[in-house]
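Before reading on, please look through the sequence and the model together. The paragraphs below begin with one strand and work outward from there.

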Amino acid sequence: MGMSVTISAARAQDAEHILKLQYLCYQSEAELYGDYAIEPLTQSLDGLRAELAEGHALVARLGDEVVASVRGRVDDGTARIAKLIVHPRMQRHGLGGRLLDAIEDHFATEPAAQRFQLFTGHRSEGNLRLYRSRGYVPVAREQVGPRLTLVTLEKGASALGYVTSA
């Protein structure tokens with residue numbers, strides 16, 4: 001390739017690229033669960049822009065191309081991390097883990113972030129493996145459809161070595 005991947009804060013003009021990448025990345029999840037009406041595939045550009053405005057998002061670029069993204073927000077002391085996506089051709093090279101580490105680092109510096117939380121589908125073995133390897137443990141399961149159970153995973157900010165004030 002000759003280029004390295006860089007991670008930076010998402011910009012407003014990245015929204016369309018993120019949405020297209022999201023649509024591409026969630027095809028495999030939709031197929032896995034037999035449901036092409038999942039929220040990441042039906043989210044509008046305006047909805048994504050609003051989500052980006054109320055939280056924090058990172059993108060990974062290979063040159064000018066957005067090849068991965070993650071976003072989240074802090075709510076009641078919990079950094080809720082969502083939609084960690086990596087272009088299929090870039091998967092299994094550590095990019096998802098790098099993005100997860102980067103967004104955790106961002107939220108760990110927020111005074112309100114005392115824990116990190118994310119969720120994925122019960123059959124999404126690659127996602128579950130990544131999250132467990134980063135110290136996340138399952139804390140809840142919720143059946144949201146006949147074929148899908150969401151697994152919520154969590155870890156404390158102290159797992160990163162940051163001291164949070166009580």
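**From strand β2 outward**

In this predicted model, the side chains of strand β2 alternate: H56, L58, A60 and L62 point one way, A57, V59 and R61 point the other way, and every one of these residues is buried. Because 7 of the 7 residues of β2 are buried, the strand is largely enclosed by the rest of the structure.

The neighbours of β2 come next. Strand β1, residues 5–9, pairs with β2 in the antiparallel sense over 5 bridges, and within this pairing I7 stands opposite A60. β2 is also joined to β3 by 7 bridges, again with the two strands running antiparallel, and here V59 stands opposite S69. The link between β2 and β3 is a hairpin with 2 residues between the strands, and G63 in the turn has a positive phi of about 65°.

From β3, which spans residues 65–75, the path leads on to β4, the two strands pairing in the antiparallel sense over 7 bridges, with A82 of β4 as the bridge partner of R71. These strands, too, form a hairpin with 2 residues between them, and D76 in the turn has a positive phi of about 50°. Strand β4 covers residues 78–86, and since 7 of its 9 residues are buried, it is largely enclosed by the rest of the structure.

With β5, residues 115–121, strand β4 pairs in the parallel sense over 3 bridges, and R80 stands opposite Q117 of β5. Between these two strands the chain passes through helix α5, residues 95–108, in a β-α-β crossover that is right-handed.

The packing of nonpolar side chains can now be placed on these elements. The largest nonpolar core has 27 residues, and those with the most contacts inside it are I81, L95, L100, F116 and Y136. At least two residues of this core come from each of β2, β3, β4, α5, β5, α6 (125–133) and β7, while α5 gives the most, with 6 residues. The surroundings of I81 illustrate the packing: apart from neighbours within four places in sequence, I81 is in contact with V70, R71, G72, L100, I103, E104, F116, Q117, L118 and Y136. A second core, separate from this one, has 15 residues and includes L41, L48, A57 and V66.

Strand β7, residues 149–156, contains T149. Is T149 buried or exposed? Its relative accessible area is 13%, and because that value lies under the 20% cut-off, T149 counts as buried. Beyond residues up to four places away in sequence, T149 touches T120, G121, H122, R141, E142 and Q143.

Taken as a whole, the chain has 6 helices and 7 strands, which follow the pattern β-α-α-α-α-β-β-β-α-β-α-β-β along the sequence. The radius of gyration is 15 Å, close to the 15 Å that the globule rule gives for 166 residues, so the chain is as compact as a globular protein of that length. Along the principal axes, the C-alpha atoms fill a box of roughly 40 × 40 × 30 Å. Buried residues make up 42% of the 166 residues, and among contacts between residues at least 6 apart in sequence, 62% join residues at least 24 apart. The accessible surface of the chain comes to about 9000 Å², with 50% of this area belonging to carbon and sulfur atoms.

Terms used:
Residues numbered from 1 in each chain as written. Predicted model: local features only at pLDDT ≥ 70, side-chain atom pairs only at ≥ 80, totals over all residues. Heavy atoms only, no water. Helix = DSSP H or I, 4+ residues; strand = E, 2+ residues; numbered from the N terminus. Buried < 20%, exposed > 50% of the residue type's maximum accessible area, 1.4 Å probe, protein only. Contact = heavy atoms within 4.5 Å. Pairing = 2+ DSSP bridges. Right-handed = clockwise from strand over helix to strand, strands pointing away. Core = buried A, V, L, I, M, F, W, Y, C linked by side-chain atoms within 4.5 Å. Rg over C-alpha atoms; globule rule 2.2 N^0.38 Å. Areas by Shrake-Rupley, 256 points an atom, 1.4 Å probe, with all protein chains shown as cover.
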